[in-house]
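Me: Please take a close look at one part of this model: the aromatic rings and the helix packing around them. Short sentences suit me, with cut-offs for the terms you use.

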Amino acid sequence: MLGRPEDEGVVVLMRLIETQSRTTLARWAAGCARERYLPVYRRACPEDTALPGLLEAAESHLEGRLSRKELQAALRAAREIPKGLERDPAAQAAARAVITACGVAQTPTNALGFTFYGAAAAAYDRLGPEASEEACDAVAAEEFAALAAWLRAVWVPDETNPAGIDWNC
């Protein structure tokens with residue numbers, strides 16, 4: 001994971017996330033994960049269908065075609081995937097970002113958690129795992145800004161049913 005709750009870009013994301021519904025957040029997270037982090041994972045595991053399947057399950061849940069219990073089972077199974085990726089930190093972080101994003105429908109605070117994994121996936125993918133902390137933090141800051149821009153693009157003004165997030169951090 002990269003990023004800290006006090007980082008400027010993270011604070012911006014937190015404030016945006018607080019204003020949105022669970023559904024808006026879940027759609028945003030799944031969309032970001034599919035476009036930004038799944039490709040990082042797929043480069044390392046091109047034949048694997050588990051994470052694309054999990055994204056489909058999350059999207060089906062949001063459309064009412066998959067129950068919460070079925071999504072929970074898919075999430076539980078997927079949590080094993082990153083354990084086999086220790087040799088590829090970018091793919092491991094990307095897998096964690098996708099899995100965490102798919103859990104937003106159940107746990108809205110995952111909307112922030114997946115961004116930390118996503119920032120790590122972006123940094124390790126672009127710079128490699130041996131990059132300096134400063135270089136990784138710079139890529140993470142760019143990633144947080146990109147994710148905030150994406151959330152602003154789907155943001156619902158005056159959301160009537162915000163997720164009611166308490167960050168505890």
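**The aromatic rings and their helices**

Reply: Trp28 counts as buried, at 1% relative accessibility (buried is under 20% relative accessible area, exposed over 50%, partly exposed in between; 1.4 Å probe, protein chains only). The model is predicted: local features need pLDDT of at least 70 and side-chain atom pairs pLDDT 80 or more, while totals for chains, interfaces and linings use all residues. Residues are numbered from 1 along each chain as its sequence is written, and side-chain values use heavy atoms, without hydrogens or water.

Now the rings. The structure has three aromatic pairs (Phe, Tyr and Trp rings, six-membered for Trp, with centres within 6.5 Å; planes under 30 degrees apart are stacked, over 60 edge-to-face, the rest tilted). One of them joins Trp28 and Phe114: the ring centres lie 5.2 Å apart and the planes stand at 75°, so this pair is edge-to-face. Trp28 sits in helix H2 and Phe114 in helix H6, so the pair ties together parts 86 residues apart in sequence (helices are DSSP runs of H or I, at least four residues, and strands runs of E, at least two, numbered from the N terminus). Phe114 also counts as buried, at 0% relative accessibility.

A further pair is formed by Phe116 and Phe144. This pair is edge-to-face too, with 6.0 Å centre to centre and 90° between the planes. Phe116 is in helix H6 and Phe144 in helix H7 (residues 133–154); the two are 28 residues apart, so the pair links distant parts of the chain. Both Phe116 and Phe144 are buried. Tyr37 enters through a cluster: ring pairs link Trp28, Tyr37 and Phe114.

Next, H2 against H6. Their axes are 10 Å apart and pack at an angle of about 25° (axes are lines fitted to C-alpha atoms, for helices over the stretch in contact; angles run 0 to 180 degrees between N-to-C directions). That makes H2 roughly parallel to H6 (under 35 degrees is roughly parallel, over 145 roughly antiparallel, 65 to 115 roughly perpendicular, the rest oblique). The crossing of H2 and H6 is left-handed (the near helix is turned anticlockwise from the far one by less than a right angle; clockwise is right-handed).

Which residues of H2 meet H6? H2 brings Leu25, Trp28, Ala29, Cys32, Tyr37, Val40 and Arg43. Opposite them, H6 brings Ala111, Phe114, Thr115, Gly118, Ala119, Ala121 and Asp125 (contact means heavy atoms within 4.5 Å). By class, the contact of H2 with H6 has ten nonpolar, two polar and two charged residues (Ala, Val, Leu, Ile, Met, Phe, Trp, Tyr, Cys and Pro are nonpolar; Asp, Glu, Lys and Arg charged; the others, Gly among them, polar). Trp28, Tyr37 and Phe114, the ring cluster, are therefore among the residues of this contact.

H6 also meets H1. The axes of H1 (residues 8–18) and H6 (residues 110–127) come within 10 Å and cross at roughly 150°. H1 and H6 are therefore roughly antiparallel. Their crossing is right-handed. Val10, Leu13, Met14 and Ile17 supply the H1 side; Ala111, Leu112, Thr115 and Phe116 supply the H6 side. The class count for H1 with H6 is seven nonpolar, one polar and no charged residues. Ala111 and Thr115 are listed for the contact with H1 and also for the contact with H2.

H1 has H7 as a partner as well. Here the axes are 9 Å apart, at an angle of about 20°. H1 and H7 are therefore roughly parallel. The crossing is left-handed. From H1 come Gly9, Val10, Val12, Leu13, Leu16 and Ile17; from H7 come Phe144, Leu147, Ala148, Leu151 and Arg152. The contact of H1 with H7 divides into nine nonpolar residues, one polar and one charged. Phe144 thus appears in the contact with H1 and in the ring pair with Phe116.

Two buried residues extend the picture. Thr24 is in helix H2 (residues 22–44) and is buried, at 12% relative accessible area. Beyond its neighbours within four places in sequence, Thr24 contacts Val154, Val156 and Glu159. Gln106 lies in the loop between helix H5 (89–102) and H6. Gln106 is buried too, with a relative accessible area of 14%. With neighbours within four places set aside, Gln106 contacts Arg22, Arg68, Leu71, Gln72 and Leu75.
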